[in-house]
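Biologist: I'm new to reading protein models. Could you walk me through some features, one at a time?

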Amino acid sequence: MQSFANYDLILAAGNRGLFQAAVLIASAVGSYLILQDSKAWPLDQAQKRSIFICALLGSLAGAALPAFFAGEFVEWQVEHYFVGPKTIIGGLLFSFFSVAVYKRVAGIAYDTSDAFARGCAIMMAIGRLGCFAGHCCFGIPVKFGGMDFGDGIQRIPVQLIEALFLFILFIAVNELHRKDLYRGRRLFILFLVYGLGRFFLEFLREPIAGNVAGLGYYQWLALFLAGVGAFQLVVRARRISKASIQ
């Protein structure tokens with residue numbers, strides 16, 4: 001319980017205002033890109049609106065629900081605070097599956113995934129800067145070269161490392177968009193690359209959730225995200241191959 005108290009010290013020392021500002025900016029910039037990229041959809045306004053609502057509700061639910069099963073400090077936070085911790089991975093997964101289910105029910109065959117690739121990438125990158133300001137998602141202790149996030153211990157600023165990784169990933173996805181490469185697969189390239197990157201970055205983060213078979217809770221989620229990305233890339237590559245043969 002003492003370690004939980006130390007974690008609370010870290011969160012209390014963060015700048016909540018800057019965190020919220022980063023989240024708002026991330027949401028605004030990401031939403032703008034998604035709306036811009038969705039203009040090419042040959043769908044009516046009602047269908048577009050329904051897809052956006054499914055994506056939004058799915059992301060909100062997916063960001064919040066995994067914390068209830070995370071164990072350790074994350075689950076303790078859920079039980080003690082009205083607004084609990086959130087996860088980017090859950091938001092991505094639930095948003096994707098929510099839209100996929102809606103489109104299946106509505107009979108929409110047009111692929112809409114590309115429109116979410118750039119927006120999601122920049123949203124996550126800016127959001128991680130908010131995590132740094134708010135002192136959440138903090139790193140493991142180090143002897144030299146770390147930062148004190150409020151508990152008197154030098155820690156790896158893993159939030160900044162992940163933010164840099166995500167900005168680079170955004171630049172790459174933006175380049176694919178600009179050159180119109182890997183059409184119908186850009187979001188899943190993001191899933192695969194971010195999932196694998198996040199898996200390794202978790203080794204630098206303080207283990208504040210439970211673990212299974214020696215891997216942390218969020219590492220399993222990251223691997224699942226990468227697996228969804230890889231599966232979709234294989235399926236879509238086969239679909240394109242069959243179409244070219246025909």
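Biologist: Where is Ala213 placed?

Modeller: Ala213 sits in the loop between β3 (211-212) and β4 (215-216). Please keep in mind that this is a predicted model.

Biologist: How do I read its backbone angle?

Modeller: Start with the general idea: most residues other than glycine have a negative phi. Ala213 is not a glycine, yet its phi is positive, about 55 degrees.

Biologist: Is Ala213 buried or exposed?

Modeller: Ala213 has a relative accessibility of 72%. The cut-off for exposed is over 50%, so Ala213 counts as exposed.

Biologist: What about the phi of Glu72?

Modeller: Glu72 has a positive phi too, about 55 degrees, and again the residue is not a glycine. Its setting is a helix, though: Glu72 belongs to α4 (residues 72-80).

Biologist: Now for contacts. Which residues does Phe96 touch?

Modeller: Here we skip residues up to four places away in sequence, and then Phe96 touches Phe188, Phe191, Val228 and Gln232. Phe96 itself lies in helix α5 (residues 88-106).

Biologist: How far is Phe96 from Ala55 in space?

Modeller: Their C-alpha atoms are separated by 6.8 Å, while along the chain the two residues are 41 residues apart.

Biologist: And why is Phe96 called buried?

Modeller: Buried means under 20% relative accessible area. Phe96 has 15%, so it is buried.

Biologist: Let's look from the other side. Where is Gln232 found?

Modeller: Gln232 is part of helix α9 (residues 217-245). With its neighbours within four places in sequence left aside, Gln232 is in contact with Phe96 and Phe188. The relative accessible area of Gln232 is 14%, so this residue is buried as well.

Biologist: My last topic is pockets. How does a program find them?

Modeller: Rolling a probe the size of a water molecule over the atoms shows where empty space is left. In this model, the second largest pocket holds about 410 Å³ of space. Its lining has 18 residues, and the closest to the centre are Tyr110, Asp111, Asp114, Arg183 and Gly184.

Biologist: Which elements give two or more residues to that lining?

Modeller: Those are α6 (114-134) and α9. The largest share, 3 residues, comes from α9.

Biologist: How many of the lining residues are nonpolar, polar and charged?

Modeller: Sorted by class, the lining of the second largest pocket has 9 charged, 5 nonpolar and 4 polar residues.

Technical notes: Residues numbered from 1 in each chain as written. Predicted model: local features only at pLDDT ≥ 70, side-chain atom pairs only at ≥ 80, totals over all residues. Heavy atoms only, no water. Helix = DSSP H or I, 4+ residues; strand = E, 2+ residues; numbered from the N terminus. Buried < 20%, exposed > 50% of the residue type's maximum accessible area, 1.4 Å probe, protein only. Contact = heavy atoms within 4.5 Å. 1 Å grid on protein atoms, 1.4 Å probe; cavity = no way out; pocket = protein on both sides within 12 Å on 5 of 7 lines; lining within 4 Å. Points joined across faces, edges and corners; volume = space filled by probe spheres on them. Nonpolar A, V, L, I, M, F, W, Y, C, P; charged D, E, K, R; others polar.
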